[in-house]
Amino acid sequence: ERKAALDAIAREVQACRRCRLSEQRTQAVPGEGHPDTEVVFVGEGPGQNEDRLGRPFVGAAGSLLEGLLAMVGWRRDEVFITNVVKCRPPGNRDPEPDEMAACAPFLRRQMEILDPALVVTLGRFSLQTFMPGDTISRVHGTTRPIDPATGARAATGYAMYHPAAALRQVSLRETMERDMAAIP
Ligand code: URA
């Protein structure tokens with residue numbers, strides 16, 4: 001039942017024209033993973049590889065994320081992985097507030113279906129969505145209550161840096177490893 005509901009959302013995302021990001025995408029990237037997982041990872045938005053393949057975190061940042069998951073004994077198909085915006089912002093620019101607002105109902109419905117125990121935010125846009133007002137350098141590696149309006153009504157939030165940040169700044173990699181190891 002959950003899988004069917006998630007698949008229905010994915011089809012809507014693939015056909016979506018609610019914002020300008022739909023105009024330049026190759027493919028929308030709804031997200032993927034185990035429908036019965038307790039843990040959802042939410043990134044920012046698709047990059048070039050994701051846009052080409054229609055799957056989240058399949059480029060260099062994805063490899064890093066998979067390595068971090070393996071550290072705690074998880075495979076990507078055992079959790080659910082999605083993004084705040086489902087279409088690639090051109091040139092990997094930051095998503096705009098109206099683009100995040102246009103996409104928010106999809107993320108909210110995914111959360112309502114998955115009803116996770118833990119939402120791991122990757123990067124500041126995901127953090128802002130689930131735990132507004134916090135800054136990543138202050139709260140990474142800690143749990144926070146989640147805004148129930150996001151649809152994740154019973155979840156705890158756990159903030160992490162974005163894997164792409166650890167690719168740019170090598171010192172963050174150790175921080176991310178520590179934060180992953182401390183996931184509740
Ligand atoms: N970065 C993200 O935020 N999401 C992806 O899916 C890939 C890279």
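Hi everyone. Before we look at the strands, one definition: two strands count as paired if DSSP finds at least two bridges between them. Keep in mind, too, that this is a predicted model.

Let's start with strand β4, residues 118-122. Which strands does β4 pair with? On one hand there is strand β2, residues 39-43, which pairs with β4 in the parallel sense over four bridges. If you want a spot to click on, Val119 in β4 is the bridge partner of Val40. Then there is strand β6, residues 156-160, also parallel to β4, with five bridges. Here, Val120 stands opposite Tyr158 in β6.

Now, the side chains. In a regular strand they alternate between the two faces of the sheet. In β4, Leu118, Val120 and Leu122 point one way, while Val119 and Thr121 point the other way. Are these residues buried or exposed? All are buried. With five of its five residues buried, β4 is therefore largely enclosed by the rest of the structure.

Let's go back to β2 and move on to strand β3, residues 80-83. β2 and β3 run parallel and are joined by four bridges. Val40 turns up again, this time opposite Phe80 in β3. Phe80 is also the bridge partner of Gly33, and that takes us to strand β1, residues 32-33, which pairs with β3 in the antiparallel sense over two bridges.

What about the faces of β3? Both are covered: Phe80 and Thr82 are buried on one side, and Ile81 and Asn83 are buried on the other.

That's my tour; thanks for listening!

How values were computed. Residues are numbered from 1 along each chain as its sequence is written. This is a predicted model: local features need pLDDT of at least 70, side-chain atom pairs count only at pLDDT 80 or more; totals for chains, interfaces and linings use all residues. Side-chain values use heavy atoms; hydrogens and water are left out. Buried means under 20% relative accessible area, exposed over 50%, partly exposed in between (1.4 Å probe, protein chains only).
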